[in-house]
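Dear colleague,

Please find the structure below, handed over for your records. My findings follow after it.

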Amino acid sequence: MTDYFIFGVAYPAGLQADVQTGADGFTDVFENSELEQACWYFGKNHPQINLNHNDEVVGIADVVENCIWRGEPKEFENKNGLVSKINTGDWCVGAQIKDLAIWEMIQNGEINGWSIQGSAKRVEI
């Protein structure tokens, strides 16, 4: 099988100036130390990927990288011209895609990012 690999930001560090409200109606942020702890917890305990938060669709990919980006900010451009930026402190995930249909959905833009599934206590800031 060919290695189909993707890497990107799973959760950005800090408040994003260009994001007023997330798709869920909230703008959630973490202290850097909390984001790091969530990244590490995921790596130790739940490194699995499902599709669109459907826990019945698993096994489509293996998490092979999970980290807090400690380098300088960096921009990447995919083959479709979409530019992604990784900032210092962002939580990043890399995965080997095991399902050709999923890989094709990524290539044509139907799947275009990570969405972390979890829980946290929400407080006003």
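The notes below concern helix 2, strand 6 and the core.

This is a predicted model, in which local features need pLDDT of at least 70 and side-chain atom pairs count only at pLDDT 80 or more, while totals for chains, interfaces and linings use all residues. Residues are numbered from 1 along each chain as its sequence is written, and side-chain values use heavy atoms, with hydrogens and water left out.

Helices (H or I, at least four residues) and strands (E, at least two) are DSSP runs, numbered from the N terminus. In helix 2 (residues 100–107), the buried residues (under 20% relative accessible area, 1.4 Å probe, protein chains only) are Ile102, Trp103 and Ile106. Seen down the helix axis, these fall within an arc of 100 degrees (taken from the directions from the axis to the C-beta atoms), so they line one face of helix 2. They pack (heavy atoms within 4.5 Å) against strand 1 (4–11), strand 2 (48–51), strand 3 (54–68) and strand 6 (91–97). Helix 2 is followed by Gly109, whose phi is positive, near 90 degrees.

Of the 7 residues of strand 6, 6 are buried. Strand 6 pairs (at least two DSSP bridges) in the antiparallel sense with strand 1 over 7 bridges, and strand 3 and strand 6 are also antiparallel, over 7 bridges. Tyr4 stands opposite Ile97 in strand 6, and Cys92 in strand 6 is the bridge partner of Cys67.

With kind regards

Note on methods
Buried < 20%, exposed > 50% of the residue type's maximum accessible area, 1.4 Å probe, protein only. Core = buried A, V, L, I, M, F, W, Y, C linked by side-chain atoms within 4.5 Å.
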